[in-house]
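Biologist: Please take a close look at a single part of this model, whichever you find most instructive, and then set it against the rest of the chain. I would like the cut-offs stated as you go.

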Amino acid sequence: MLILLLVVGIGVLSSASLSAGFPYEIGQIRTYEHETEMPFPEEKATGHYVLTVLREEKVADRVCRVIQEHYDPASLGAKRELFFDSDFNRIQEIVSQGTFEERIEFDPPIPNPYAELEVGEEKKTSHTLIVRGLPGGEERSRSSFTRVVKRLPDETVEVPAGIFVSCRKIMERTESESVNQGGTCKIITIREAWWDQKQGLVKEIYHNCICGLQGVVVREWTMTNALKSITGREETEPSEK
């Protein structure tokens, strides 16, 4: 299940605006209204998903900006620190839940192709996810995953922060496999994301599925994050009210 959560988080924090340079300033706090829905058993959970730009930190030969993500209430998900280089490639993340902490490394780093894609164009990349225990850094596991990112036609999106016109829509599909006592299962995440030229990520919807033997669905659920506010920098200003 840890691998699934990591793959789900891959896209969440490619939360870049479409301008050049690193998009979010240190001290900025982005709050999203969050909802998780599961069809069986039928269940719904709501709260907030919060991104905070914390600091700059050197990782190997790269100067990275660190973005923390957390949920309120905390039961909705683990806390993470996400490390992005100056080109907004995702280098690694630190996952914390209670006293449990691990470092996740991506080889190669996960790129951010959003700004360069034309409508209808897609880009596929393959990566290895390496899990290391902390504080020692011993390797605990590694697995491969693929990621396909495609740009769709622009759309207007309404969220609690306002109405944003001509948002760039991106569709991502991430696939990985996990081996446990019950055998091998496939983990599929399809993410729809809407980006505003000025404010960056305004909405995202994750469709998550775990498939067992012969493609039988073991579990599926949907997660939605919709921009509510941005603080620590300028106030949120929708493209059009």
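Modeller: Helices (H or I, at least four residues) and strands (E, at least two) are DSSP runs, numbered from the N terminus. On that basis the protein chain has one helix and 12 strands. Read from the N terminus, the order is α-β-β-β-β-β-β-β-β-β-β-β-β, with the helix leading and the strands following.

Two notes on the origin of the values come before the detail. The model is predicted, with local features needing pLDDT of at least 70 and side-chain atom pairs counted only at pLDDT 80 or more, while totals for chains, interfaces and linings use all residues. Residues are numbered from 1 along each chain as its sequence is written, and side-chain values use heavy atoms, with hydrogens and water left out.

The part I have chosen is strand β9, which covers residues 162–180. Three of its residues are taken in turn.

S166 has its place in strand β9. The phi angle of S166 is near 55°, which is positive although the residue is not a glycine. S166 is partly exposed, at a relative accessible area of 49%; the scale calls a residue buried under 20%, exposed over 50% and partly exposed in between (1.4 Å probe, protein chains only).

K169 also lies in strand β9. The relative accessibility of K169 is 9%, and K169 therefore counts as buried. With neighbours within four places in sequence set aside, K169 is in contact (heavy atoms within 4.5 Å) with two groups of residues. One group runs K150, R151, L152, P153, D154 and E155; the other is E192, A193 and W194. The first group can be placed: strand β8 spans residues 139–159, and K150 to E155 are among the contacts of K169.

S178 is likewise found in strand β9 and is buried, at 10% relative accessible area. The C-alpha of S178 is 9.9 Å from that of G212, although 34 residues separate the two along the chain.

From G212 it is natural to turn to the cysteine just before it in sequence, C211. C211 is buried, with 11% relative accessibility. C209 is buried as well, at 14%. The structure holds zero disulfides (a disulfide being a pair of cysteine sulfur atoms within 2.5 Å). C209 is in no disulfide, and its nearest cysteine sulfur belongs to C211, at 3.4 Å. The same distance of 3.4 Å applies from C211, whose nearest cysteine sulfur is that of C209 and which is also in no disulfide.

Strand β9 also enters the interior of the chain. A nonpolar core is a set of buried Ala, Val, Leu, Ile, Met, Phe, Trp, Tyr and Cys residues joined through side-chain atoms within 4.5 Å. The largest such core has 34 residues, of which I67, V159, F164 and L227 touch the most other members. A second, separate core has eight residues, including A78, V95, I104 and L129.

Some backbone features away from the chosen strand are also worth a look. The loop between β4 (79–84) and β5 (90–97) contains N89 and F88. F88 has a phi near 65°, again positive in a residue other than glycine, and F88 is buried at 3% relative accessibility. N89 is buried too, at 17%. Residues up to four places away in sequence aside, N89 touches R62, F83, F84, P109, I110, P111 and N112. Of these partners, P109 is 20 residues from N89 in sequence, and the two C-alpha atoms are 6.0 Å apart.

Two peptide bonds are cis. The bond from D72 to P73 has omega near 10°, and P73 sits in the loop between β3 (62–72) and β4. The bond from L134 to P135 has omega near 15°; P135 is in the loop between β7 (122–133) and β8, the strand that precedes β9 in the numbering.

For the chain as a whole, 49% of the 241 residues count as buried. Among contacts with a separation of 6 or more, 50% join residues 24 or more positions apart. The exposed surface comes to about 11500 Å², with carbon and sulfur atoms supplying 48% of it; the areas come from the Shrake-Rupley method with a 1.4 Å probe, and for residues only the protein chains shown count as cover.
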